[in-house]
Amino acid sequence: MLLGANVSIAKTGLLHAVEESISYRANTYMIYTRSNRGGNARPIEDFHRDEANELATQHGIVDPVVHLSYLVNLASPKPETFNYGVMILQEEIIRVSYLGFRYIVMHPGSHVGSGEKEGIRRIAQGLNEVLQGDEKLWICLETMAGDGSKVGNQLEEIAQIISLVRYQDRLAVCMDTCHNYSAGYDIVQDFDGFLTQFDKVIGLERLKVAHINDSKTPFGSHKDRHENIGRGSLGFEAIHRIVNHPVMQNIPLILETPGGLYREEIALLRGETDLLPITH
């Protein structure tokens, strides 16, 4: 099981991310290489890549993930927003390639009123402008919760985006347990059924990353509100089954839960403790 968390790049960049992951006893991790508040990104050469990778190897930490900035919205009908997203994604591919990572997770985007069909077309257009076909990484489209005007709530929407992109072999999927449950996929009672549907609609070979979160809101709520493992509507038993499912082995499983309880939650999911984490 590759289990880790969303960690910080404060001060020493990748070195800080690896050190934080070691403190959680994680064996993978996820970072943002730039602030979601905008502005210029830190030079990627300042991320202490080589030191970090050596330390990660010593501690068995593998297959880290980068999450694209939330400010990227390729579904937007506004030219300036769309063009900004294309530029940032192009930059991020270069930055992530320098780090040697294999996955960039991105939210497909929000159509903000132009409609789902147009949003899907715009996302595919942006990906076609960015992808050259020789990338050594995958862009992983994240499944969404159904809130607002977001695109990618249903597996069919993700499949439609992929079908419109020229270099489809550079595209993959990041599932999110909170998002899927909130969007109306009953992964608590029938995770195997969800995987069967995923395989039929998209293909399980494209499932490269998973975000592991409980949900503050009930099934089918269409709200994106993460909760600590075992403290939400999915519950510990369901999430434990999911992370231990054969299909979920050997892909990065990333916690994005609140409260800074990653060490406790990782131990819980690994069966190293039977105590549920206490939320703040």
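**Figure 1. Aromatic pairs in the predicted model.** A search of the whole structure, which is a predicted model, yields 8 aromatic pairs. In one of them, tyrosine 24 and tyrosine 262 meet edge-to-face, with 5.5 Å centre to centre and 75 degrees between the planes. This pair links distant parts of the chain, 238 residues apart: tyrosine 24 belongs to the loop between helix H1 (14-23) and strand E2 (28-31), and tyrosine 262 to helix H9 (residues 262-269). Both tyrosines, 24 and 262, are buried.

**Figure 2. The pair of tyrosine 29 and phenylalanine 101.** These two rings are also arranged edge-to-face, at 6.1 Å centre to centre and with 80 degrees between the planes. Tyrosine 29 is part of strand E2 and phenylalanine 101 of the loop between H3 and strand E4 (103-106), so the pair ties together parts 72 residues apart in sequence. Tyrosine 29 and phenylalanine 101 are both buried.

**Figure 3. A ring cluster and two arginines over rings.** Tyr185, Phe191, Phe194 and Phe198 are linked into a cluster by ring pairs. Elsewhere, arginine 42 lies over the face of phenylalanine 47, at 5.0 Å from the ring centre. Arginine 49 lies over the face of tyrosine 98, at 4.1 Å from the ring centre.

**Figure 4. The largest nonpolar core and a second core.** The largest nonpolar core holds 79 residues, of which Ile31, Leu127 and Ile139 touch the most other members. Helix H3 (residues 79-99) contributes the largest share of this core, 7 residues. A second, separate core has 11 residues, among them Tyr32, Val105, Cys140 and Ile254.

**Figure 5. Surroundings of leucine 127.** Not counting residues up to four places away in sequence, leucine 127 touches residues including Leu74, Leu89, Met106, Ile139 and Leu141. Ile161, Val165 and Leu171 are also touched by leucine 127.

Methods: Residues are numbered from 1 along each chain as its sequence is written. This is a predicted model: local features need pLDDT of at least 70, side-chain atom pairs count only at pLDDT 80 or more; totals for chains, interfaces and linings use all residues. Side-chain values use heavy atoms; hydrogens and water are left out. A nonpolar core is a set of buried Ala, Val, Leu, Ile, Met, Phe, Trp, Tyr and Cys residues joined through side-chain atoms within 4.5 Å. Buried means under 20% relative accessible area, exposed over 50%, partly exposed in between (1.4 Å probe, protein chains only). Helices (H or I, at least four residues) and strands (E, at least two) are DSSP runs, numbered from the N terminus. Contact means heavy atoms within 4.5 Å. Rings of Phe, Tyr and Trp (its six-membered ring) pair if their centres lie within 6.5 Å; planes under 30 degrees apart count as stacked, over 60 as edge-to-face and the rest as tilted. A charge sits over a ring if NZ of Lys or CZ of Arg is within 6 Å of the ring centre and within 35 degrees of the ring normal.
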